[in-house]
Protein chains: 2
Amino acid sequence: MRADARRNRDKILEAARDVVAERGTDAPMELIARRAGVGVGTLYRRFPDRNVLLAALAEQYVHELVDALDHAASAGPDAWSAVRAFVVHAVDESRGAVAAALAGTSAPEARQALVERLDVLVGQAQADGAMRPDVGTADVMDLLNVFACNPGVIPERFLPLMLDGLDRRPPGR
Amino acid sequence: MRADARRNRDKILEAARDVVAERGTDAPMELIARRAGVGVGTLYRRFPDRNVLLAALAEQYVHELVDALDHAASAGPDAWSAVRAFVVHAVDESRGAVAAALAGTSAPEARQALVERLDVLVGQAQADGAMRPDVGTADVMDLLNVFACNPGVIPERFLPLMLDGLDRRPPGR
DNA sequence: TCCTAAGTGGACGATCAGCTTCCGCTTACT
DNA sequence: AGTAAGCGGAAGCTGATCGTCCACTTAGGA
């Protein structure tokens, strides 16, 4: 692949992440192309259809999410803080990637990788007695899904409230 | 208005509530008509455009919501239970009506009526020390909005968790 | 019962947004 | 300098929804 082509490919993926974050996984392809400063033709040349693009998006960024999870796990004072930090990060910084990763058709193994890591942390947080025991990894994933699939939902206010809903003894009350 | 016409009008409103709950305020008009067992022509005769329909929907059902709120207020053991019961009811039973009522353009006074009643209850719940003091009526309304504007979000699991996020001392932990 | 104005359904043409192709021009690399 | 790869974006296509229109039906009064 020619160097300029590779550059464009990267620009497209970056733009796609932002646009998907804002408009969901069915955002117009042309919007993605324009955001990347590229013609639609170029986009279609690299990614023959939307699913290919989403799969590439997931693949490209999912390790970033896993890294974030690992980083949160080692940086945080405890497992529950790590879970919270990861969710905030995923929703705030990588919403498009999360959406792509969770979009059923593309990259199921990407989703799986996330789930497994998360599962460990959640179990730990519950063992610590910090996270309520009647919820689970699936709830955290669903939480991500709510934001990933509903670009209209602004996380600023709700994410903290929802996280408090998972907390055993919510802070600051 | 002829008796059959009135009957159809009612069927349309009922269908609209369901369809709006499922598909959001921009659901296809034809879907509403078919659900009501009526032709599109009939729908357009009664409601020249979508906003008229939404406004009628809001007007028709908003008092139902206010009643539900009042009922919850008098039936519940306390204000906070009443707020929870109302939100659950509104989201479960009247999602379409809520969506219509909150859809900015139509019926701002309908929204207002809800807010005022709710405001009293929320203040009470906080005074009781049952609801965390750093949230407000606006948060509860936003909560309704999340479900009203995002038909994809299934309330079953999330609504309780989110409500727990507003709770001062969440139950069952 | 009969008459008529109100009501009805749904086909139809208009519109629109997004998808995808195509091709003449440009550019990176040899 | 030559050439194949790459590029942009115009243009045609498609499918979905809108809103109108009119020939047919029916409620309800005389």
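Let's start at the DNA. Helix α3(B) gives the largest share of the surface near DNA strand C, with five residues. Keep in mind that this is a predicted model.

Who else lines that surface? Four helices each supply at least two residues. In chain A they are α1 (3-23) and α3 (40-46). In chain B they are α1 (3-23) and α3 (40-46) as well.

Now the residue count. DNA strand C has 22 residues around it. The closest are A:R50, B:N8, B:G41, B:T42 and B:R45. On the DNA side, 68% of the strand C atoms that come within 4 Å of the protein belong to sugar and phosphate.

What is the make-up of the surface near DNA strand C? Nine residues are nonpolar, eight are charged and five are polar.

On to individual contacts. Take B:N8. An N or O atom of the B:N8 side chain lies 2.3 Å from a phosphate oxygen of DNA strand C. Next, B:T42. Its side chain places an N or O atom 2.4 Å from a phosphate oxygen of DNA strand C. Both B:N8 and B:T42 are on the list of closest residues.

Which part of DNA strand C does A:R2 approach? A base oxygen, at 3.3 Å from an N or O atom in the A:R2 side chain.

Last topic, the rings. In chain A, the charged end of A:R17 sits over the ring of A:Y61, 3.9 Å from the ring centre. In chain B, the charged end of B:R17 sits over the ring of B:Y61, also 3.9 Å from the centre. How many aromatic pairs are there over all chains? Zero, with ring centres required to lie within 6.5 Å.

Note on methods:
Residues are numbered from 1 along each chain as its sequence is written. Chains are lettered from A and ligands numbered from 1 in the order in which they are written. This is a predicted model: local features need pLDDT of at least 70, side-chain atom pairs count only at pLDDT 80 or more; totals for chains, interfaces and linings use all residues. Side-chain values use heavy atoms; hydrogens and water are left out. A residue is near a molecule or strand if one of its heavy atoms lies within 4 Å of it. A polar contact is a pair of N or O atoms within 3.5 Å; within protein, one must be able to donate a hydrogen and the other to accept it, and residues adjacent in sequence count only if both atoms are side-chain atoms. Ala, Val, Leu, Ile, Met, Phe, Trp, Tyr, Cys and Pro count as nonpolar, Asp, Glu, Lys and Arg as charged, and the others, Gly among them, as polar. Rings of Phe, Tyr and Trp (its six-membered ring) pair if their centres lie within 6.5 Å; planes under 30 degrees apart count as stacked, over 60 as edge-to-face and the rest as tilted. A charge sits over a ring if NZ of Lys or CZ of Arg is within 6 Å of the ring centre and within 35 degrees of the ring normal.
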